[in-house]
Amino acid sequence: MASFHLEAKVGEIAEKVLLPGDPLRAKYVAENFLEDIQCYNRVRNMFGYTGYYKGNRVSIQGTGMGMGSCSIYINELIRTYGTKTLIRVGTCGAIQEDLDLGQVVIATGACGDNSANMLYFEGKQFAATPDFDLLYEAYNVSKEHHIKVIPGTIFSTDSFYDDVPNRWQRWIEHGVIGVEMESQALYTIAKKHKVKALSILTVSDNIITGAAASNQDREQSFMDMMKIALEV
Ligand code: HPA
């Protein structure tokens, strides 16, 4: 059996799944970090692979950008394939001036404007938080490997482009450190289904200063983020 958007047979996807937005990242990580890999999904070119990392079975599935797209894959992974642990590996734009480009961030909570959450919770707000054990473990792994991580609250938005002046001011005042487009949905869906979720992000740009990470910054921080996600 397959799901609407994934052609894998039940059993072909591991209980732990890493979730990059970019399907080519999924391919790259599978080919460079995992052993004995099998590509289980090519539908819409949203590649998904299962392999082994240090003997442990793990899958990596592209989600596309935004909560509309990633929610589809997250729901199907959990509902059809029995995924128990979901770790997003992505990027965020910083909204605090002192957050370095390339910095690894662990999202301890996700505010957001996800339209599905607004409908689902009838206009009230759900506090979207990660699984504590995963968060604790990821933090410890980063310490063991001497990788500097910033734990902090992020904001997940449905709209990348907008013309609102000072759009992030109120969120900056409340200590939110970065903006991306997936984690609020990931954390919410995971809680509903009683599975574990965490978002590990690297800072690709600074929305306030306009700075963008160099390829070298991106490469190093990507490796650091993957190390944490795979070791957890
Ligand atoms: N906005 C939204 N999502 C992002 C950004 C951004 O500036 N950078 C990386 N993901």
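Q: What makes two aromatic rings a pair here?
A: Rings of Phe, Tyr and Trp pair if their centres lie within 6.5 Å. In this predicted model, ring pairs of that kind link Tyr-120, Phe-121 and Phe-126 into a cluster. By this rule, the count comes to seven aromatic pairs.

Q: Why is the pair of Tyr-28 and Phe-222 called tilted?
A: Check the distance, then the angle. The ring centres of Tyr-28 and Phe-222 are 6.3 Å apart, and the cut-off is 6.5 Å, so they pair. Their planes are at 55 degrees; stacked needs under 30 and edge-to-face needs over 60, so tilted is the word. The two rings come from distant parts of the chain: Tyr-28 is in helix α1 (residues 23-33) and Phe-222 in helix α7 (residues 215-231), 194 residues apart.

Q: Is Phe-222 buried or exposed, and how do you know?
A: Phe-222 has 5% relative accessibility. Buried means under 20%, so Phe-222 counts as buried. Its partner Tyr-28 comes out at 33%, between the 20% and 50% limits, so Tyr-28 is partly exposed.

Q: What else sits by the ring of Phe-222?
A: Arg-25 lies over the face of Phe-222, 4.0 Å from the ring centre. The distance limit for a charge over a ring is 6 Å, so that value passes.

Q: Why is the pair of Phe-132 and Tyr-136 called stacked?
A: The planes of Phe-132 and Tyr-136 are at 20 degrees and their centres 5.9 Å apart. Stacked means planes under 30 degrees apart, so the label fits. These two are four residues apart in helix α4 (residues 132-144), which means about one helical turn between them. Phe-132 is exposed, because its 55% is over the 50% limit.

Q: What makes helix α6 mostly covered?
A: Eight of the ten residues in helix α6 (residues 183-192) are buried. Among them are Ser-183, Leu-186, Tyr-187 and Ile-189.

Q: What is unusual about Lys-194, and why?
A: Most residues other than glycine have a negative phi. Lys-194 is not a glycine, but its phi is positive, near 55 degrees. Lys-194 is found in the loop between α6 and β9, and at 75% it is over the 50% limit, so it counts as exposed.

Q: Where else does a residue that is not a glycine have a positive phi?
A: Asp-36 has one too, of about 55 degrees. Asp-36 is found in strand β2 (residues 35-41), and its relative accessible area of 65% is the reason it is called exposed.

Q: How do you know that Glu-231 and Lys-54 form a salt bridge?
A: Their closest N and O atoms are 2.6 Å apart. The limit is 4 Å, so the pair qualifies. Glu-231 lies in helix α7 and Lys-54 in the loop between β3 (48-53) and β4 (56-61), so this bridge ties together parts that are 177 residues apart in sequence. Glu-231 is partly exposed at 24%, while Lys-54 is exposed at 59%. Lys-227 joins in as well: Lys-54, Lys-227 and Glu-231 are linked in a network of salt bridges.

Q: Why does the pair of Asp-133 and Lys-196 count as a salt bridge?
A: The N to O distance is 3.9 Å, and the limit is 4 Å, so the pair counts. Asp-133 is in helix α4 and Lys-196 in strand β9 (residues 196-206), 63 residues apart. Asp-133 at 45% and Lys-196 at 31% are each partly exposed. A search of the whole structure finds nine salt bridges.

Q: Which polar contacts does the ligand have with Gly-93 and Asp-205, and what makes them count?
A: A backbone N or O atom of Gly-93 lies 3.3 Å from a nitrogen atom of the ligand. A polar side-chain atom of Asp-205 lies 2.9 Å from a ligand nitrogen. The limit is 3.5 Å, so each distance passes. Other residues around the ligand include Thr-91, Phe-160 and Met-181.

Q: How much of the ligand does the protein bury?
A: Taken alone, the ligand exposes 260 Å², and the protein buries 86% of that.

Terms used:
Residues numbered from 1 in each chain as written. Predicted model: local features only at pLDDT ≥ 70, side-chain atom pairs only at ≥ 80, totals over all residues. Heavy atoms only, no water. Phe/Tyr/Trp six-rings, centres within 6.5 Å; stacked < 30°, edge-to-face > 60°. Buried < 20%, exposed > 50% of the residue type's maximum accessible area, 1.4 Å probe, protein only. Lys NZ or Arg CZ within 6 Å of the ring centre and 35° of its normal. Near = heavy atom within 4 Å. Polar contact = N/O pair within 3.5 Å; in protein donor to acceptor, adjacent residues only side chain to side chain. Areas by Shrake-Rupley, 256 points an atom, 1.4 Å probe, with all protein chains shown as cover. Salt bridge = Lys/Arg side-chain N within 4 Å of Asp/Glu carboxyl O.
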